[in-house]
Amino acid sequence: MWASMATTNCASVEAVEECLDEEAALWLKVAAIAAILIAGAVGVAIPLVGGKGRLVRTDGGVFVCVKAFAAGVVLATGFVHMLHAAESSLTNPCLPDSPWRKFPFAGFVAMVAALGTLVVDFVGTQFYERKHQEEATGAKAAASSAAADLEEKGITAALLTPEADSAGRGKDPMHIVGIHAHAAAHRHSHSHAHGACDGPALPVRSHGHAHEEEGEGSSNARHVVVSQVLELGIVSHSVIIGLSLGVSQSPCTIRPLVAALSFHQFFEGFALGGCISQARFRSTAAAMMACFFAITTPAGIALGAGVASSYNPNSPRALVMEGMLDSMSAGILIYMALVDLIAADFLSQTMSCNVRLQVSSYLALFLGAGAMSALAIWA
C-alpha cells in the first residue's frame with residue numbers, strides 16, 4: 001500500500017505521448033471549457049425554463065422520450081466509461097500486484113457506492129416525507145383554529161340559516177348537508193370506478209383528499225431527493241473527467257474529448273434539469289443547482305490546466321485516486337440511471353397505459369445508451 005502512494009512517474013507507463021503540443025493543447029482546453037459550459041447550461045436549462053414557461057410539459061411524451069435518451073447516456077457513462085476507466089487505473093501494471101490485482105476493487109467500490117446511494121436515497125426520502133407531513137399537520141391545525149374562531153364569532157350561524165327555493169319554501173340545513181355528502185360520496189366512488197388506464201379522474205375534495213395530498217407530497221419528496229443525489233453523482237465524475245482533460249498536453253487526446261464531453265454534458269444536464277423541474281424547487285435553488293452542474297466540468301478542466309506542469313497522472317497515487325473516484329461515480333450513476341431515472345418512468349402508469357410511448361421511450365433509451373457507448377471508441 002505504501003508503494004501505491006508514490007508520486008514518482010511509473011516506469012511501465014509510456015512517458016512520451018504522440019503529438020505533444022502544449023500551446024495547441026492550451027487553446028483546445030479553452031475551447032473545451034466554452035463548449036462544455038454552453039452544452040451543459042443549455043441542457044439543464046431547457047426543462048427548467050420550458051417548465052416554468054409551460055413550454056415543456058414534464059409529463060408529455062416528448063419530454064419522457066428525451067429523458068429516456070438521457071437516462072441511457074447516464075447508464076452508459078457509468079458502465080462503459082467510468083467503470084472501465086476505474087478498472088484500467090486500479091489494474092495498471094504500475095501498481096503492486098497485492099492488493100490491486102488480487103481483488104476486483106473497481107466493481108467492489110462501485111457496488112458499495114450504489115448501496116450507499118440507496119441508503120442516502122431512502123433516508124432523504126423519509127426525511128422530506130416527514131417534513132411534508134409536519135407542514136401539512138401544521139396547516140390543518142391553523143385552519144381548524146381559524147374555523148373555531150369564526151364559529152365563536154357567530155359567522156357559521158349565517159351559513160346554517162335555512163335557504164329559500166324559487167317557490168319561497170325554506171330548505172332544511174340538514175337536507176343541504178345531506179345533498180353535499182351524497183355528491184361527495186358519488187364523486188369518490190366514481191373516481192374509483194375508473195380503470196387504471198381510463199384517464200385521470202376528476203379532483204376529489206372529499207375524505208380522500210387527504211390521501212391525495214399525502215401522495216403528492218411523497219412524490220415530490222422523491223423528486224427532491226432524486227435531483228440532489230443525481231447531481232451529487234454527476235458532479236463527482238464531472239470533476240474527474242474535467243481534470244483528466246485539463247492535465248493532458250496532447251491535442252490528439254483532447255479533440256475527441258471535447259465533442260464527447262459536450263454531448264455527454266448536454267444530455268446529463270437535460271436529465272438533471274428534468275428532475276429539478278419535477279421537484280418544484282424555488283427559482284433560486286433551481287438556478288443554483290443548474291449553475292453548479294454547468295460549471296463543474298469546466299472548473300475541472302481549468303484546475304487540470306493549472307496543475308498540468310506539476311501533476312503526474314501516471315504516478316501510483318494518481319492512479320489509485322482516479323480509480324477509486326471513478327468507481328464511486330460509476331456506482332452512483334448506475335444506481336441513479338436504473339432506479340431513479342429508468343424504473344421511475346418506465347414502471348409508471350403513464351407509460352403502462354400508452355403503447356406508443358412505451359415503444360418510443362425504449363427506442364430512445366437504447367439509442368442513448370448505444371450512442372454514449374460508441375463514443376468510448378474515441379474518448
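The exercises below, each with a worked solution, concern helices and local backbone features in a predicted model.

**Exercise 1. Annotated spans**

Find which residues the UniProt annotation "transmembrane region" covers, and state how much helix two of these spans contain.

Solution. Start with the record: the unreviewed UniProt entry places "transmembrane region" at residues 26-49, 61-83, 103-123, 286-308, 328-347 and 359-378. Next, take residues 61-83 in the model. This span is 100% helix and 0% strand, and its end C-alpha atoms lie 32 Å apart. Then take residues 286-308. Here the chain is 96% helix and 0% strand, with 34 Å between the end C-alpha atoms.

**Exercise 2. The length and bend of H2**

Compare the expected span of H2 with the distance between its end C-alpha atoms, and locate its kink.

Solution. Helix H2 runs over residues 61-90. The expected span is 1.5 Å times one less than the number of residues. With 30 residues, H2 should therefore span 44 Å. The end C-alpha atoms of H2 are 42 Å apart, which agrees with that value. For the bend, look at Thr 77: a kink of about 35° in H2 is centred there.

**Exercise 3. H2 and its partners**

Work out how H2 is oriented relative to H10 and to H8.

Solution. Begin with H10, residues 316-346. The axes of H2 and H10 come within 8 Å and cross at roughly 155°. Angles over 145 degrees count as roughly antiparallel, so H2 is roughly antiparallel to H10. Their crossing is left-handed. Sorted by class, the residues in this contact are 21 nonpolar, six polar and four charged.

Now turn to H8, residues 251-279. Its axis and that of H2 are 9 Å apart, and the packing angle is about 125°. H2 and H8 are therefore oblique to each other. H2 passes H8 in a left-handed crossing.

**Exercise 4. From H8 to H9**

Identify the residue with a positive phi in the loop between H8 and H9, then describe how these two helices cross.

Solution. The loop between H8 and H9 (283-307) contains Arg 280. Arg 280 is not a glycine, yet its phi is positive, at about 55°. As for the helices, the axes of H8 and H9 come within 11 Å and cross at roughly 165°. That makes H8 roughly antiparallel to H9. The crossing of H8 and H9 is right-handed.

**Exercise 5. A cis peptide bond**

Which residues does a cis peptide bond join, and in which helix is Pro 99 found?

Solution. The cis bond links Ser 98 to Pro 99, with omega at about 10°. Pro 99 belongs to helix H3, residues 97-100.

Technical notes: Residues are numbered from 1 along each chain as its sequence is written. This is a predicted model: local features need pLDDT of at least 70, side-chain atom pairs count only at pLDDT 80 or more; totals for chains, interfaces and linings use all residues. Side-chain values use heavy atoms; hydrogens and water are left out. UniProt positions are given in the numbering used here, feature names are shortened, and annotations may be inferred rather than shown by experiment. Helices (H or I, at least four residues) and strands (E, at least two) are DSSP runs, numbered from the N terminus. Axes are lines fitted to C-alpha atoms, for helices over the stretch in contact, and angles run from 0 to 180 degrees between N-to-C directions. Angles under 35 degrees count as roughly parallel, over 145 as roughly antiparallel, 65 to 115 as roughly perpendicular and the rest as oblique. A crossing is left-handed if the near helix is turned anticlockwise from the far one by less than a right angle, and right-handed if clockwise. Ala, Val, Leu, Ile, Met, Phe, Trp, Tyr, Cys and Pro count as nonpolar, Asp, Glu, Lys and Arg as charged, and the others, Gly among them, as polar. The bend at a residue is the angle between axes fitted to the seven residues ending there and the seven starting there.
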